[in-house]
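Work through the following exercises with the sequence and the coordinates at hand. Each task is followed by a solution that proceeds in steps.

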Amino acid sequence: MLQASKEWRWLQCRTQNRLLVDLGDELQLCTPFRLRQLTADSISSPTFSVEEAEFYQNVFDYLCTYGVWSEAQCCQISLNATATKFHLLPMQAKSWFFSPYTGSDVLCNAVISLESKEMTGECLIVDHDSEASLCVNLTANFKLDENIVLEQFQAIKVLNNRIHPLLVSNKLVRRA
């Protein structure tokens, strides 16, 4: 497992136009976030903060409880979630892509589903308020409509009434 380290750094790669995470030992993760999407903090505070390390670890531990993703995948999701929460500029909700949730199941997990006209995708809530939630897409090539695809690990903000609980019958089942 990759534990957060004080050596970890955020890098702005002009060549790839992306935010990278330098994990040391010549290991880097390229996030899906373009430089214009980033806050000034990612330039002024390139080292992993205590808050970022704590958030990364909490997300990693939480994802591991599902028993679905490998440790490497949990690390990748957690790093992208950390970049989303701490380094993305605020965004407007794009709820029109998703159908409202009309069921009665209580939402109690951060891994949720969103239903577009084209398909159902899985996402991780990384931040929320009473109105909307900022989510990281966990589904490869999540079709929002006939023309728009949300790439894996990209962020999207949606109104909370669009968030569907992840059904146990889906592939994700939490371990006891």
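**Exercise 1.** Locate Val111 among the secondary-structure elements, decide whether Val111 is buried or exposed, and relate Val111 to the nonpolar core.

*Solution.* The model is a predicted one, and the steps below should be read with that in mind. Begin with the element: Val111 belongs to strand E4, which covers residues 111-115. Next, take the relative accessible area of Val111, which is 1%; because buried means under 20%, Val111 counts as buried. Then turn to the core: the largest nonpolar core holds 35 residues, and Val111 is one of those that touch the most other members, together with Leu63, Trp69, Leu79 and Leu124. At least two residues of this core come from each of strand E2 (18-22), helix H2 (50-64), helix H3 (71-87), strand E5 (120-128) and strand E6 (132-137). Another core, lying apart from this one, has 13 residues, including Phe97, Ile125, Leu144 and Val158. Finally, a distance across the chain can be checked: Val111 and Glu122 are 11 residues apart along the chain, and their C-alpha atoms are separated by 6.9 Å.

**Exercise 2.** Establish the strand order of the open sheet of 5 strands, and describe which helices pack against its strands.

*Solution.* Reading across the sheet, the order is E9-E6-E5-E4-E10, and the pairing is antiparallel. The edges are formed by strand E9 (155-159) and strand E10 (164-165), each of which pairs on one side only. At the E9 edge, E6 and E9 run antiparallel and are joined by 5 bridges, and within this pairing Cys135 stands opposite Ile156 of E9. For the helices, consider H2, which lies across E4 and E5 and runs at about 145° to E5. Helix H3 also packs on this sheet, where it touches E5, E6 and E9, with its direction at about 50° to that of E5.

**Exercise 3.** Describe the open sheet of 3 strands, from its order and its bridges to the helix that packs on it.

*Solution.* The order of this sheet is E1-E2-E3, again with antiparallel pairing. Strand E1 (9-13) and strand E3 (28-30) are the edge strands, each pairing on one side only, and the twist from one strand to the next averages 30°. H3 packs on the sheet through contacts with E1, E2 and E3, and its direction makes about 75° with that of E1. Now examine the bridges: E1 and E2 are joined by 5 bridges, with Gln12 standing opposite Leu19 of E2, whereas 3 bridges join E2 to E3. Between E2 and E3, Leu20 has Cys30 as its bridge partner, and Val21 stands opposite Leu29. As for burial, 4 of the 5 residues of E2 are buried, so this strand is largely enclosed by the rest of the structure.

**Exercise 4.** Which residues have a positive phi in the turns and loops that connect E1 to E2 and E2 to E3, and how accessible are Asn17 and Asp25?

*Solution.* As background, most residues other than glycine have a negative phi. In the hairpin of E1 and E2, which has 4 residues between the strands, Asn17 takes a positive phi near 55°, a positive value in a residue other than glycine. With a relative accessibility of 32%, Asn17 counts as partly exposed. The hairpin of E2 and E3 has 5 residues between its strands, and Gly24 in the turn has a positive phi of about 80°. Asp25, in the loop between E2 and E3, has a positive phi of about 50° although it is not a glycine. Its relative accessibility is 81%, and Asp25 therefore counts as exposed.

**Exercise 5.** What is the volume of the largest pocket, and which residues lie nearest its centre?

*Solution.* The volume of the largest pocket is about 280 Å³. Its lining comprises 15 residues, of which Gln37, Lys94, Leu150, Gln154 and Ala155 lie nearest the centre. To assign the lining to elements, note that strand E8 (149-150) and E9 each supply at least two of its residues.

Technical notes: Residues numbered from 1 in each chain as written. Predicted model: local features only at pLDDT ≥ 70, side-chain atom pairs only at ≥ 80, totals over all residues. Heavy atoms only, no water. Core = buried A, V, L, I, M, F, W, Y, C linked by side-chain atoms within 4.5 Å. Buried < 20%, exposed > 50% of the residue type's maximum accessible area, 1.4 Å probe, protein only. Pairing = 2+ DSSP bridges. Axes fitted to C-alpha atoms, helices over the stretch in contact; angles between N-to-C directions. Contact = heavy atoms within 4.5 Å. 1 Å grid on protein atoms, 1.4 Å probe; cavity = no way out; pocket = protein on both sides within 12 Å on 5 of 7 lines; lining within 4 Å. Points joined across faces, edges and corners; volume = space filled by probe spheres on them.
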